[in-house]
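The following note sets out several points on the structure shown below. They are numbered so that each may be checked against the coordinates in turn.

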Amino acid sequence: MRLFTNLILRFPRSTILLCLAFCGAALLGMLQLTLSYDTRVYFNPEGRDLAMLRAFEAKYGQNNNILIVVSAEGRKITEPDVLAAFGELVTRAWTLPHSTRVDALTNFPHVVSDADSFSVGDLVPHAGMLSAEEAREIERIALDDPLIRNRLLSEDAQTAGILVNFNLPEEASTEVLEIVTAARELAATFEADYPGINVQLTGNVMLMATFSEAAMNDVMYLIPISLVVTGLVMLIFVRALLPSVAILTLLGLSSATAMGLAGWYGYDLNTSTVSAPIIVMTVNMAAAIRFVTTALAALGRGLTPRDAIAEAVSINFLPITLTSLTTVAAFLSMNLADAPPLRQQGNVVAIGVFLAYIFTFTWLPAVLSLMPLQPTVQNSERFMVMIGRFVNRSYKQLFVFCAGVVVACAMWLGNIQLDDDFARYFDERFEYRQASDFAEQNLTGLNVIEFDIPSGEAGGVFLPSYQRTLAEFQDWLRVQPGVVSAAAISEITKRVHDAMKKGGGAAGDMPDNRETIAQYFLLYELSLPFGASLNDQIDVNRSSSRVTAILRNMTSSEIRAFDEKATAWLAQNAPPEMQVRGTGINVIFANLSGINIRSMITASLVSVVVIAVIMIVALRSVTFGMLSVFLNMLPLVVGFGLWGLLYQNIGLAASVVTAMTIGLILDDTIYFLLMYRQARQKGLNPEEAIIYVFSTVGVAILVITVSLVLGFGVLIFSGFEVNRTLGAMTALVILANLFIDWLMLPPVIRLVEDSRIRARAAQATQG
């Protein structure tokens, strides 16, 4: 390593040019990065849930929609002038690009009967020509209809929805942007034309746009904030401008080059990958600061700049190598995650950590050698020695105290609930979140569960037994807590049958004849107004149909429980061919956290095994190698326990925190144990060795902790819930790690050494 360092210090400009040439070629890959608008990017393309959803959409069409939520400042939508304006908005909604269907109060298919037959027409055929009495009758009909109430019109009639469906290709970034732009222009124009009427936009297509907007928001705001935080940390610990600039260039090159290589590899920008540069800068900042402060301290002892830099390389090569290895191993283990963006995030950060490692021993020495460095003197050694003496003096009491804290936190782990809210992944700064909250409070639910119910044979949807089971299932769904609407084709059968009976017999019953039901549906479909059909409710073979349940204010755990409950009802009350599970984008998101946590348990175990091997080899001690790994599980217990005490709910972020932080929190332990082993080899006893460790690397451990906590703390400002929780939990675990490494690791070492001394004394006595 000395020859390599001498070569770099001899030719610093050539080294810098080689690094810049490599980075320049990699940075061209950033031109290949595209912004993902796909909400399904988090789903495993080979997963069962996504396969079910694709099969469902192949039968009934896509659920790509925008829900236009309309209110009139406390007035009823059914008032004649408001309803006239609403009808105009429905007409304009048809002009949105790629729209295939528009459902609203005005064009809702209403079944009416005459002397000989029935017909289906728009509920409000002429919205601009209604009297007050006609408007009141329309309101009565709408609120009596379970397919309109709490779906297209609120119970107080003050909020209404227009559901516009779109047909999109699989890669639909351009189309989504086009639709969202047109929808926002439509809303703004309509509000200008009709003052007093408010229009808000939510739905799946708006969600797709919000995913991309959140990603760009993080790029625009979090990366600059991260750079400011990095600069502040360096000013605190480095206390020199030019070396701080050298560190900033190293971190910037590492993160930018990693993103460039990601672009060459074909990755997209999404809400997870955009945080990768921040993580890269965060996890590499401490090593770079440690390198620079070592060099400046050597200058303070009278060494020449070249010798000081060479000494910094020599002292830091092994610990930085080990910390980089363990960090890379931890992030690469994220490839076992089920969600592709989490794998991509892990790979980009791993590449960034590796590049930073290379640049730390190439770029950084070369740049520092060209700078007029000024020596610095660390004044914190006395404080660190005081901590070391305190730990030595009270190591038994500290062990008991720390063990008590760990046990208490382990008990609080039981408070953690695997839960999140897909509809609220984004905070209130986004229009989608504002519109979604308003829609759920005033109109309908946003969580939709679909059931593809087979009949077992072609044309089987017309079987009376099939229809009755559907009706029973629909009735059961409607009375479940949280359900605001449920729809099945059995509702059409009932309505047509009631119309054909002309008021005779019980309302809501069904014919017992398959041919009669088939004829009803044929006549119904022929009578539907323009743009309406049954293709989105019945498959082409008439062998299966969909049942849709809309839920309000449901979290992921509640959606999973509801799906299990509905599946159990079908298992108990429906024939085998009708027994299915629910599907839909909300169901997959509800399952996402659990699936990824199960996959990341394996990733964490793999990471632990790899790191254990690295530590055993590096420390040349099975005891200290395993001890380091075991003790680094404790910050996870403390961090997650405190989260369970303070917040309880944790979702998708939990699936990566464990695997990711295992490599990060080991950095402090590596520095501590390496210095302890070095002190013992010098002949110091355990007590003296611990004081030596605190005096030599105590500040380094503090630097690592502060830089990681502040760096990951930047993610708290993200508008995306997963990134916010990831940043907060990681910072909490890293703080817990400082507590373990300063107050529990030294007592454990002392207890292990005491047991060894007693064992040797016992052997000597026996001998």
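**Points on the sheet, a helix and the cores**

1. Helix α7, made up of residues 204-237, lies across β1, β5 and β6. Its direction is at about 105° to that of β1. This and every other point below refers to a predicted model.

2. The sheet on which α7 lies deserves a description of its own. Four strands form this open sheet, in the order β2-β5-β1-β6, and their pairing is antiparallel. At the edges stand β2 (99-103) and β6 (198-202), each of which pairs on one side only. From one strand to the next, the twist averages 20°.

3. The pairing of β2 can be followed in detail. Strand β2 is joined to β5 (residues 159-166) by four bridges, and the two run antiparallel. Within this pairing, R101 stands opposite N165 in β5. Helix α4 (residues 80-93) also packs on the sheet, where it touches β1 (64-71), β2, β5 and β6. The direction of α4 makes about 10° with that of β5.

4. Helix α2 may be checked for regular geometry. It comprises 16 residues (12-27), and at 1.5 Å a residue it should therefore span 22 Å. The C-alpha atoms at its ends are 22 Å apart, in agreement with that expectation.

5. Which residues of α2 are buried? They are P12, T15, I16, C19, C23 and A26. Viewed down the axis of α2, the buried residues fall within an arc of 95°, and so they line one face of the helix. The face turned away from the buried side carries the exposed residues R13, L17 and L18. Among the elements that cover the buried residues of α2 are α1 (2-10), α8 (241-265), α11 (340-360) and α12 (363-369).

6. The largest nonpolar core contains 136 residues, and those with the most contacts inside it are I289, L368 and F712. Helix α9 (residues 276-300) gives the most to this core, contributing 17 residues. Apart from this core lies another, of 72 residues, which includes F86, F108, L123 and M208.

7. The surroundings of L368 merit a separate remark. When neighbours within four places in sequence are left aside, L368 is in contact with P243, A246, F291, V292, I309 and L373. L368 is also one of the residues with the most contacts inside the largest nonpolar core.

Conventions. Residues numbered from 1 in each chain as written. Predicted model: local features only at pLDDT ≥ 70, side-chain atom pairs only at ≥ 80, totals over all residues. Heavy atoms only, no water. Expected span 1.5 Å × (residues − 1). Buried < 20%, exposed > 50% of the residue type's maximum accessible area, 1.4 Å probe, protein only. Arc of directions from axis to C-beta. Contact = heavy atoms within 4.5 Å. Core = buried A, V, L, I, M, F, W, Y, C linked by side-chain atoms within 4.5 Å. Pairing = 2+ DSSP bridges. Axes fitted to C-alpha atoms, helices over the stretch in contact; angles between N-to-C directions.
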